[in-house]
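Me: Please examine the aromatic pairs of this model in detail, and then place them in relation to the sheets, helices and salt bridges. I would like one connected account, with the cut-offs stated.

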Amino acid sequence: MSDLRDPLPLAQALIRCPSITPDEAGAIAVVEEALNRLGFTCHRLRFAGGDGPPVRNLFARLGEGEPDLAFAGHTDVVPPGDPAAWSADPFAGEVRDGVLYGRGAVDMKGAIACFVAACARVLDGRKPRGSISVLITGDEEGPSVNGTRRILGWLAERKLALGACVVGEPTNPVAIGEMIKIGRRGSLNGRLEVTGVQGHTAYPDQADNPVSRLVAMLARLDGTPLDAGTEHFEPSRLVLTSIDVGNAATNVIPATARASFNIRFNDTHSCSSLERWLRARLDEVGGTYALEVECGGEAFVTLPGPLVELLASVIEQRQHIVPELSTSGGTSDARFIKDACPVVEFGLSSATIHSVDERVAVADLEALTGIYAALLESYVRAA
């Protein structure tokens, strides 16, 4: 990594760290070394506890005061699956015909390398006007307990504020510049258990069949539109993911029946308002049931303003594309950062995310580096 202005060597070095959540595998140290060379003050942060494994993280800052532009990313990756199914070693960082192959190439070691390279190009030995912050976690693909959320708590304790943040998640469907994520839908997981009275199928009046009531409850949930969508979000959706009775006998009415579901919701709702809605619908059917809900994150949106408009302008100038402002997709660590500062997501193409032969064109790494550099130059002009 002799020249940090080139994102490819750093991306390769990161891919060669098999950092499957929560194993950091040296990836944090690779980022730290690069940022140290650029003059950043780095803090390695190891957090443990809660319902997640111990996680190594990194916070780095160059300069001080406002304006502050932060970049957030994660070095952890999902497992590669069967390595034999890949056309290249998933942790070799091989370049073939102008394409970089490897787990994490787009999600999101490539974007981390692009941001570091952008800093190297813009700074070139100079100091920023204001500050540049970098938040790197090893816990985004896992439970997200001891990662970004804990970094933000550490910053708050030290009264260190973030001005605005770009998360380097792969946002573009195909071409660099197609899409900026300005928010995300919320996510709620529900587990429903209905309790009845076991009995013989020949004498159903002597039993209380929980399967019938579970079916009626699910019909009340699955058949009811939650909303019609909002200005920045598509309609909220409840999706059934499992129905389980676990009954191998054909002549026994079981004592319990279970189901699971997920709700991806817009800014019309919150996890607490949805739980109230769920219980009201279930109570209409009646009977004994237990409902457990887990909030994966609330819906949020960063309304068009200085950060969104500047990034969109840079993309249009460099890529000749007017990016779509979207809230589609799953969740990311932006759901935590939005409580600290305005946040958007912009990175590489999501076409091969989590797939066999995850890959990125070297030209796309260069394009993203150029966009990040132009954004930095406009936001915290080096002097």
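Reply: Rings of Phe, Tyr and Trp (its six-membered ring) are paired if their centres lie within 6.5 Å; planes under 30 degrees apart are stacked, over 60 edge-to-face, and the rest tilted. The model is predicted, so local features need pLDDT of at least 70 and side-chain atom pairs pLDDT 80 or more, whereas totals for chains, interfaces and linings use all residues. Residues are numbered from 1 along each chain as its sequence is written, and side-chain values use heavy atoms, without hydrogens or water.

Four aromatic pairs are found when the whole structure is searched. One of them joins F71 and F115, whose ring centres are 4.5 Å apart with the planes at 15°, so this pair is stacked. The two rings come from distant parts of the chain: F71 belongs to strand β3 (residues 68-74) and F115 to helix α3 (residues 109-123), with their positions 44 residues apart. (Helices, H or I of at least four residues, and strands, E of at least two, are DSSP runs numbered from the N terminus.) F71 has a relative accessibility of 1% and therefore counts as buried (under 20%; exposed is over 50%, partly exposed in between; 1.4 Å probe, protein chains only). F115 is buried as well, its relative accessible area being 4%.

F115 also pairs with Y372, here in an edge-to-face arrangement with 5.8 Å from centre to centre and 70° between the planes. Because F115 sits in helix α3 and Y372 in helix α9, this pair ties together parts that are 257 residues apart in sequence. Both F115 and Y372 are buried. Through these ring pairs, F71, F115 and Y372 are linked into a cluster.

The helix that carries Y372 leads to the first of two sheets described here. An open sheet of three strands, in the order β4-β5-β19, is paired antiparallel (strands pair if DSSP finds at least two bridges between them). Its edge strands are β4 (95-96) and β19 (359-361), each of which pairs on one side only. Strand β5 (residues 99-101) runs antiparallel to β19 and is joined to it by three bridges. Within this pairing, V99 has A361 of β19 as its bridge partner. Helix α9 (residues 362-379) packs on the sheet, touching β4, β5 and β19, and its direction makes about 70° with that of β19 (axes are lines fitted to C-alpha atoms, for helices over the stretch in contact; angles run from 0 to 180 degrees between N-to-C directions). Helix α1 (residues 7-15) lies across β4 and β5, at about 20° to β5.

The other sheet is open and has four strands, in the order β12-β14-β10-β15, again with antiparallel pairing. Strands β12 (237-244) and β15 (288-297) stand at its edges with a single partner strand each, so one side of each has no neighbour in the sheet. Direction ignored, neighbouring strands of this sheet are turned by 15° against each other on average. Strand β10 (residues 186-195) is antiparallel to β15, and nine bridges join the two; in one of the pairings, E193 faces A290 of β15 as its bridge partner. Two helices lie across this sheet. Helix α5 (residues 210-222) crosses β10, β12, β14 (256-265) and β15 at about 155° to β10, while helix α6 (residues 271-285) crosses β10, β12, β14 and β15 at about 160° to β15.

Turning to charged side chains, the whole structure contains 18 salt bridges (a side-chain nitrogen of Lys or Arg within 4 Å of a carboxyl oxygen of Asp or Glu). D68 and R61 form one of them, with their closest N and O atoms 3.6 Å apart, and both residues are buried. In another, the closest N and O atoms of R185 and E234 are 3.3 Å apart. This pair also links distant parts of the chain, 49 residues apart: R185 is in the loop between β9 (183-184) and β10, and E234 in the loop between α5 and β12. R185 is buried at a relative accessible area of 14%, whereas E234, at 34%, is partly exposed. Salt bridges with shared partners join R185, E234 and R237 into one network. A further salt bridge connects R5 and D3 at 3.0 Å, N to O. Both of its residues are partly exposed, R5 at 43% relative accessibility and D3 at 31% relative accessible area.

Terms used: Contact means heavy atoms within 4.5 Å.
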